[in-house]
Amino acid sequence: MTDELLSRAEQHLFQQLFIRDLHWSAPDHKPVSLTTEDGRRVTAANISSYKGLRVWVCEGRPGSQVEAELDRLIAKTSTDRLVIFYDNEEQVWRWPVRRNKDNAVTSRLTTHRHRNGHKNPKFAARLNAIKLPSDSVLDSNSVLAKVRLAFDVETQNETKHASKLMARMYAAAEKSYSGGFSNKRRDHEISVTLARILFLMFGDDTEMWTPDAFRNLILRGTKSDGSNLAGKLNDLFAFLNTAAPDLVPESFSGFRYVNGGIFEEPISLPELNKEFRDAILDACSVDWSTISPAIFGSMFQSVRDAKTRRELGEHYTSEENILKTLNPLFLDELRAAFNEAMARDTDQKKINSLNSLWKRLGEIRFMDPACGCGNFIIIAYRELRDLELRVMEALVDLNQSAGQFTLGGDLVKVLRVTLDHFYGIEIDEWPARIAETAMYLMDRQCDLKLRDKFGDAPERLPIQRQATIVVGSALEIDWSTVCAPSDSVVVAGNPPFLGDHTRTRTQLAELQRAWGGDKTLSRLDYVTGWHAKALNYFKSANGLWAFVTTNSITQGDPVPRLFGEIFHAGWEIKFAHRTFPWTSEATGGAAVHCVITGFSRGRPMRPRLFDYLTWGAEPRARAVGSINAYLFDGPNVLVEKHNQPLHGGLPQASKGSEPADAGHLLVGVEEYDEVVADPIAARYLRPFRGARELLWNGDRWCLWLENVTRDEIANSPVLRRRVEAVRQVREESRSEIVKQSAATPHLFRIRKQPASAYVCIPGHVSEARDYYPVARYSADVICGNANFLAPDPDGLLFALISSSMFLTWQKTVGGRIKSDLRFGSTLTWNTLPLPAMNPELRHNIVQAGKVVEDARNLHPERSLGEQYDPGAMDAPLVRAHESLDALVDKAFGAVPFADESERRKILFERYQELTSGLLAHVRGGRGRRR
């Protein structure tokens with residue numbers, strides 16, 4: 001899609017680009033023109049708009065002075081605007097960056113150039129970033145935020161710069177503490193101090209007190225070597241928390257009494273250094289009024305070391321991903337309610353509906369039980385305040401037109417969305433302090449918007465209300481003691497991701513307690529502890545909840561273990577984002593495959609499913625009938641492991657043979673000649689197929705000594721040396737099971753080799769492949785335990801696993817390693833809902849599989865991995881697979897299926913038919929159906 005956007009721009013089809021491709025609205029203003037000194041007429045046409053934000057296009061490149069003059073004319077009609085100048089070679093997109101400083105607003109145009117025909121990933125990314133959803137209406141602030149993110153490079157650079165400055169202050173503060181000082185106490189004091197400094201710098205730039213009061217105090221009131229800086233900060237912090245605000249020291253005359261908890265704790269900083277003073281002054285040069293408090297989490301991630309982040313499972317969420325969660329969970333419904341209210345046919349009905357919505361906004365309580373630096377809470381608060389502001393504006397306009405009383409009164413008392421309606425739980429104190437501070441600052445930014453609209457803003461100092469951020473483990477704390485559960489509570493966040501191999505024993509114990517002592521956890525991710533807590537929290541209330549999680553919760557064995565509990569409690573999936581790449585605003589952000597699932601109970605809803613057609617693409621939203629646990633539109637079936645194949649005609653699949661030999665029973669290319677030269681060893685040499693050999697044509701052999709005699713081993717130098725080496729390795733193993741096999745060192749520890757031809761199945765393959773690549777081997781080719789195998793004397797299994805039907809089942813219910821497909825004998829093979837086949841159809845499917853093998857044999861020089869390289873399959877192989885698919889599809893009842901979604905539907909239906917008599921579910925059973 002990004003290539004299409006770029007192509008449209010290069011063809012100068014700007015109106016089509018914005019209206020058809022980016023989903024903006026039609027133009028709503030007449031052209032703007034000027035005449036230059038040399039008599040040229042220069043015109044900018046409005047080609048698209050969105051709630052006051054307009055896009056203007058000017059054919060030609062009249063020069064920077066004329067472009068700036070034309071933009072000034074446009075500015076009289078469009079405060080927020082994109083202006084595009086273009087000719088045949090180049091186009092320039094100009095965006096005004098505004099800054100509030102010293103009670104004045106300044107504007108400077110940023111310039112983004114693109115030369116036609118030249119690769120420009122950044123420009124293409126900007127176009128993609130301002131694409132609007134096709135199925136919902138965004139408010140003006142959300143659209144403005146998208147455009148700013150795309151084109152306001154100065155703000156982006158300042159945000160990155162601010163993060164580095166925070167890290168620099170943290171490092172400088174650490175140096176000021178002596179080696180014997182408690183690390184825990186030191187980190188606490190630095191956390192509190194930097195949170196306070198953030199608040200003070202923000203206050204300088206948002207008129208909380210005399211502009212630049214804090215900067216001037218540091219610049220003029222402290223020594224250049226920083227020797228008196230600690231004392232000055234200690235005194236300032238004490239003053240800002242003082243109960244006698246009239247007693248103002250002369251050096252603090254520009255400040256105001258703050259209170260509110262942020263300066264309450266007495267801290268006595270040690271003597272600070274010049275490095276810390278310089279870092280503060282550099283940070284004061286940033287215009288903090290333009291930086292969203294939501295980026296403080298990114299600052300924190302830049303400060304904290306990677307090891308600590310891994311231990312806590314921290315992955316800080318970008319604003320884009322936060323809105324992917326909050327919009328479909330509850331914000332879109334509230335905005336729709338506003339639009340519906342404004343569409344009522346009389347002013348009085350509009351007023352009544354708006355007042356009802358306003359009351360509803362005031363009843364909402366929002367909690368993030370893994371809040372980190374508060375990004376979810378901050379964005380939720382901002383969006384609700386923005387919607388409240390729209391409601392207030394509309395009510396004022398409607399009341400004034402009706403000659404009625406308007407809002408009136410103290411704005412602090414009028415506002416329904418307040419800080420004390422927002423809650424967080426965070427295990428680590430430093431981000432918790434950042435979250436508290438960031439909420440104050442977001443509150444101030446929202447108040448400034450209120451002042452812009454009504455000419456007045458609430459008086460917040462001294463601080464009276466604040467968000468509740470509790471420091472502790474969310475899996476140990478009773479959530480109801482933080483925020484009382486009700487139908488008006490919304491819970492959302494980004495809990496830590498820690499798989500069964502990375503969580504600590506303490507975290508495992510927490511997870512077990514969250515689910516209950518008798519719950520079989522298996523591969524449940526640590527993040528699912530938050531699902532368990534949410535189920536308990538909302539036991540008697542129908543609130544809303546959603547979490548960003550690793551996509552492992554929707555893959556393989558964890559699915560029925562998690563979603564079975566959720567569905568049993570009556571919850572339905574309200575919306576879901578299928579797997580997408582994680583994005584973080586911090587440098588070195590996490591690379592994680594994520595999903596988002598939101599839940600509702602007892603409410604009317606139309607579920608929405610968000611798909612990503614390509615990796616990193618924008619989501620495609622669609623309304624569906626229901627969303628199942630695998631995040632597909634389909635019947636709500638939960639597939640559990642089975643010990644035997646559901647279809648009686650299928651043999652069991654198992655892992656191949658395991659040598660446990662430290663390589664001594666395996667023979668590489670460089671060792672082959674030596675082994676073959678030993679006549680006894682040569683008799684027992686067999687081709688060996690591990691994962692590499694199966695997919696990439698590697699050569700390897702093994703010594704398969706099932707029928708060897710003691711004398712043969714004794715008389716063969718190769719066998720004698722290698723068998724003895726295996727014995728020593730196994731005896732020294734830490735595993736008791738491996739030690740036991742030292743008694744038979746000539747044998748593979750586990751032997752699963754069939755007596756007839758078999759199908760060899762790789763344990764995992766790329767999800768990008770169009771077919772699951774497998775091969776058939778004769779019994780003398782030994783299959784290693786990196787692969788699976790199943791007896792396949794006539795080739796039926798080869799044909800089935802090579803079909804699109806099997807791949808669809810594997811993708812849908814199978815486990816994964818990151819995004820790679822992971823074959824499972826008990827989960828994807830034994831559960832395959834294969835229908836009965838008449839002899840003729842069975843024979844035809846086998847023959848179609850042989851045609852696939854023949855097509856491969858046309859290019860014996862190409863490995864299996866190369867033959868199934870996505871987009872590079874040869875035409876004869878593609879045709880062979882299409883013919884095979886038609887026959888396998890026929891076995892399931894259609895010829896052929898149009899796509900994966902149709903195959904999924906019939907697979908789930910068939911699974912239900914096969915298991916309906918077996919799976920009246922009891923916990924710990926083989927399967928589940930709901």
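# Questions about a predicted model

User: How close do the axes of helix H28 and helix H33 come, and at what angle do they cross?

Analyst: This is a predicted model, where local features need pLDDT of at least 70 and side-chain atom pairs count only at pLDDT 80 or more, while totals for chains, interfaces and linings use all residues. Residues are numbered from 1 along each chain as its sequence is written, and side-chain values use heavy atoms, with hydrogens and water left out. Helices (DSSP runs of H or I, at least four residues) and strands (runs of E, at least two) are numbered from the N terminus, and axes are lines fitted to C-alpha atoms, for helices over the stretch in contact, with angles from 0 to 180 degrees between N-to-C directions. For H28 (residues 804-813) and H33 (residues 900-915), the axes come within 9 Å and cross at roughly 75 degrees.

User: Which word describes how H28 lies relative to H33, parallel or perpendicular?

Analyst: Angles under 35 degrees count as roughly parallel, over 145 as roughly antiparallel, 65 to 115 as roughly perpendicular and the rest as oblique. Contact means heavy atoms within 4.5 Å, and residues that meet here include Trp809 in H28 and Phe908 in H33. The crossing is at roughly 75 degrees, so H28 is roughly perpendicular to H33.

User: Which helix gives the most to the largest nonpolar core?

Analyst: A nonpolar core is a set of buried Ala, Val, Leu, Ile, Met, Phe, Trp, Tyr and Cys residues joined through side-chain atoms within 4.5 Å. Buried means under 20% relative accessible area, exposed over 50%, and partly exposed in between, with a 1.4 Å probe and protein chains only. The largest core has 223 residues, and Phe330 is among those with the most contacts inside it. With 14 residues, the helix that gives the most to this core is H15 (residues 375-401).

User: How many residues are in the second, separate core?

Analyst: Leu5, Tyr86, Leu138 and Val147 are included in this second core. Its total is 29 residues.

User: Is strand S8 enclosed or open, judging by how many of its residues are buried?

Analyst: On one side of S8 (residues 422-426) are Phe422, Gly424 and Glu426, and on the other are Tyr423 and Ile425; all are buried. Five of the five residues are therefore buried, and S8 is largely enclosed by the rest of the structure.

User: What are the bridge partners of S8 residues Gly424 and Ile425?

Analyst: Two strands pair if DSSP finds at least two bridges between them. Strand S7 (residues 365-368) joins S8 by three bridges, running parallel, and S8 pairs with S9 (residues 468-471) over four bridges, also in the parallel sense. Opposite glycine 424 stands aspartate 368, and the partner of isoleucine 425 is valine 470.

User: Which strands stand at the edges of the sheet S18-S20-S19-S24?

Analyst: Four strands form this open sheet, and their pairing is mixed. An edge strand has a single partner strand, so one side of it is left without a neighbour in the sheet. The edge strands are S18 (666-667) and S24 (782-783).

User: Is lysine 30 buried or exposed?

Analyst: Lysine 30 sits in the loop between helix H2 (14-21) and strand S1 (32-35). Its C-alpha is 6.6 Å from that of asparagine 46, which is 16 residues away in sequence. Because its relative accessibility is 61%, lysine 30 counts as exposed.
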